[in-house]
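Got your viewer open? Load the model and keep the selection box handy.

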Amino acid sequence: KKKKKGLLSFYSNKHCVYNAECNSNKPLHFAFAACREKFNWSSEISNLIMPPIGVKLLIQDRHVMMDNGIVQVTLSNPDGIVTGIRFNGIDNLLEIRNEEINRGYWDLVWNSATTGTTGIFDVIKGTSFRVIMESEEQVELSFTRAWDPSQQGKLVPLNIDKRFIMLRGSSGFYSYAIYEHLREWPGFELGETRIAFKLRKDKFHYMAMADNRQRNMPLPDDRLPSRGQALAFPEAVLLVNPVEPELKGEVDDKYQYSCDNKDNKVHGWICTEPPVGFWQITPSNEFRSGGPFKQNLTSHVGPTTLAMFLSAHYSGEDLVPKFAAGEQWKKVFGPVFMYANSAYEGDDPLSLWEDAKSQMMMEVQCWPYSFPASEDFPKSHQRGSVSGRLLIRDRYISDDYISAQGAYVGLAPQGAVGSWQRECKNYQFWTTADENGYFLIDGIRTGDYNLNATVPGFIGDYQYDVVLTITSGCEVEMGDLVYEPPRNGPTLWEIGIPDRSAAEFYVPDPNPKYINKLFVNHPDRFRQYGLWERYSELYPDKDLVYTVGVSDCSKDWFFAQVNRKNDDNKYQGTTWQIKFNLDNVDQSGPYKLRLAIASATFSELQVRVNDPKAYPPLFSSGMIGRDNSIARHGIHGLYCLFNVDIPSSRIIEGDNIIYLTQPRSTSPFQGIMYDYLRLEGPPSPSSKRET
């Protein structure tokens, strides 16, 4: 909808605004203020354009309501549970059949112990309510729960301040929370924290999280024993008698809709009558754990929509933060935006997804927000930026520097090289380098950081060797940075693509009994249920053999080295072979085998050369990984790189075999996903260096 040129251009949602001439991409009341100042609008023009209804606040004994004339949000008092969202003529978007505490809430999982990923589930109920800000432009509410020693063992030792914000002219509301652990309090571990919304199952049937990952979903009733059959783990259910007959025979599993942090920006649900959408928008990953490749849940059957901040999914205990007694800690999770949109009757309801993506882009460009009232959330002028250019030097590929195109470059708390993927207590800030390797990271909180990078097409992790100190308003120019990936000698052969994923390898068709139709002929075909069982069907007696120069990794390298299921329903470990031929053996030094691992689950990698029974093996990793990516349909988990020296005496002229054994076999879900394998010869005479 267009207003007079030079004023405002409205998005199709009719409630949010972008104006390029004002260089303003803000929630409506911020964009309005910028344009009013630039164009010196009269009060008459202002009254025509600005939504006439400001934000109103109604406080009752047991409930609090925020209303801006577009959306009305009701929260319990003093719990701070979202009990109602009224929008576009629908009295409540949330599931009215649920108890009020089970509609829209912050929750966490914690444990007083210091090991493991399970714990006590806690829907966070505030014990004190206060109004932080109240005006026609903005309302911000606080629901706090303070901890004291009398609650030890009963509640997580955290002070928690949940905040909810509504802005004038905004078609939704924001939420963030401040968690604080004081030095004198006992230790604990925090396995998970998130916001969950349970929508009405009679209204919301269509879920969308990406252009190619959206569909009509089963009902929650379809997962009950009378309609569904539980499979190898409780999250996976075969629909045997669903309410909608066309879904019969499909598998539903919330982990099929997981997503990397870097791509997890907007997801939600669509109601077709009337055409209404409810979306969870995360404008920044700075408060999420594990960096850009950490996978998290999104939306799933319920209908449920999640804002995930911290979890052990696809990583295990490595991403469960453990706080010691005497450790001071504070972190702000969010803000995130809960966005409601609508279309006119007769319009395609799927246009709501396109509109939600537009709204997401606007929220991203607004980050960091200027409106949260807490001093613990620094505004844009209180943050810093880092810019530079990343280049690659690998003399076995090119004599010139190579631009680190598409590199993921980020700041994370100080730690060892690659430790950012296990960092789960503080903040991280990431961006993607352009085609020439240039990058800009802005909106960085003050503090000390390592600058890290990972580059598609190259193994390993880069880390700048000097700690960067970010101060308020600083602009740090790094200049040209050079990453020298691990390299010892020339490539003799390679398998796969170094991109921290096993997606390029062979992913079989699923068992026809266990199909999710969304992922048939889909780039994410690895999301199908039960693919681990297909290995035993493809290799019933002998394990995988890959011949360099003959085999094709997209057809002949199974995406995961899993256990074989025997006729007695027990499992046995597997040994894969890589066959290759060398015309001559260079005796000047050892050969180097690079093994980049995309994921591992309670497994072990043993390497032998030309003798499958050699004991001890040339290399053993010991027990590695708790990712559980095989069971949860992920194609990667936590990355690691093993560099194995092979003495030239182990290599022979002619045919050679490298044996890769995964011997641990108590579960079908144990196994290894490889990212990339490479055999290098000894260094060439011009450079006797070891990396």
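What follows is a walk through a predicted model, stop by stop.

**Stop one: the cores.** Start by selecting Tyr 179, Leu 390 and Leu 451. You're in the largest nonpolar core, which has 111 residues, and these three touch the most other members. Now colour E26, since this strand supplies the largest share of that core, 8 residues. Then pick Ile 495, Phe 559, Ile 658 and Leu 679: they are among the 55 residues of another core, lying apart from the one you just left.

**Stop two: out past E26.** Follow strand E26 (329-342) towards helix H3 (351-366) and pause in the loop between them, where you'll find Asp 348. Is it buried or exposed? Asp 348 counts as partly exposed, because its relative accessibility is 47%. Add Glu 273, Glu 345 and Asp 347 to the selection, and together with Asp 348 you have a patch of negative charge on the surface.

**Stop three: salt bridges.** Side chains of opposite charge can pair when their charged atoms come close. The whole structure has 35 salt bridges, so let's just sample a few.

- Select Asp 221 and Lys 201, whose side chains meet in a salt bridge with an N to O distance of 3.2 Å. Asp 221 sits in the loop between strands E15 (213-216) and E16 (228-230), and Lys 201 in the loop between strands E13 (188-198) and E14 (204-210), so the pair ties together parts 20 residues apart in sequence. Asp 221 counts as partly exposed at 22% relative accessibility, and Lys 201 counts as partly exposed at 23%.
- Next, Asp 260 and Lys 262: the closest N and O atoms of this salt bridge are 3.7 Å apart. Asp 260 is buried, with a relative accessible area of 13%, while Lys 262 counts as partly exposed at 23% relative accessibility.
- Then go to Lys 592 and Asp 645, a salt bridge at 2.8 Å, N to O. This pair links distant parts of the chain, with Lys 592 in strand E42 and Asp 645 in strand E44 (residues 640-646), 53 residues apart. Lys 592 is buried, at a relative accessible area of 5%, whereas Asp 645 counts as partly exposed at 40% relative accessibility.
- For a network of salt bridges, select Asp 107, Glu 192 and Arg 194.

**Last stop: a loop beside E42.** Look between strand E41 (574-582) and strand E42 (591-609) for the loop that holds Asp 583. Asp 583 counts as exposed, at 68% relative accessibility. Finally, add Gly 654: its C-alpha is 5.7 Å from that of Asp 583, though the two residues are 71 apart along the chain.

Methods:
Residues are numbered from 1 along each chain as its sequence is written. This is a predicted model: local features need pLDDT of at least 70, side-chain atom pairs count only at pLDDT 80 or more; totals for chains, interfaces and linings use all residues. Side-chain values use heavy atoms; hydrogens and water are left out. Patches are made of residues with over 30% relative accessible area and no salt bridge: like charges are joined within 9 Å, nonpolar side chains (Val, Leu, Ile, Met, Phe, Trp, Tyr) within 5 Å. Accessible areas come from the Shrake-Rupley method with a 1.4 Å probe; for residues, only the protein chains shown count as cover. A salt bridge is a side-chain nitrogen of Lys or Arg within 4 Å of a carboxyl oxygen of Asp or Glu. Lys and Arg count as positive and Asp and Glu as negative; His and the chain ends are not counted. The place of a charge is taken as NZ of Lys, CZ of Arg, CG of Asp or CD of Glu. Helices (H or I, at least four residues) and strands (E, at least two) are DSSP runs, numbered from the N terminus. Buried means under 20% relative accessible area, exposed over 50%, partly exposed in between (1.4 Å probe, protein chains only). A nonpolar core is a set of buried Ala, Val, Leu, Ile, Met, Phe, Trp, Tyr and Cys residues joined through side-chain atoms within 4.5 Å.
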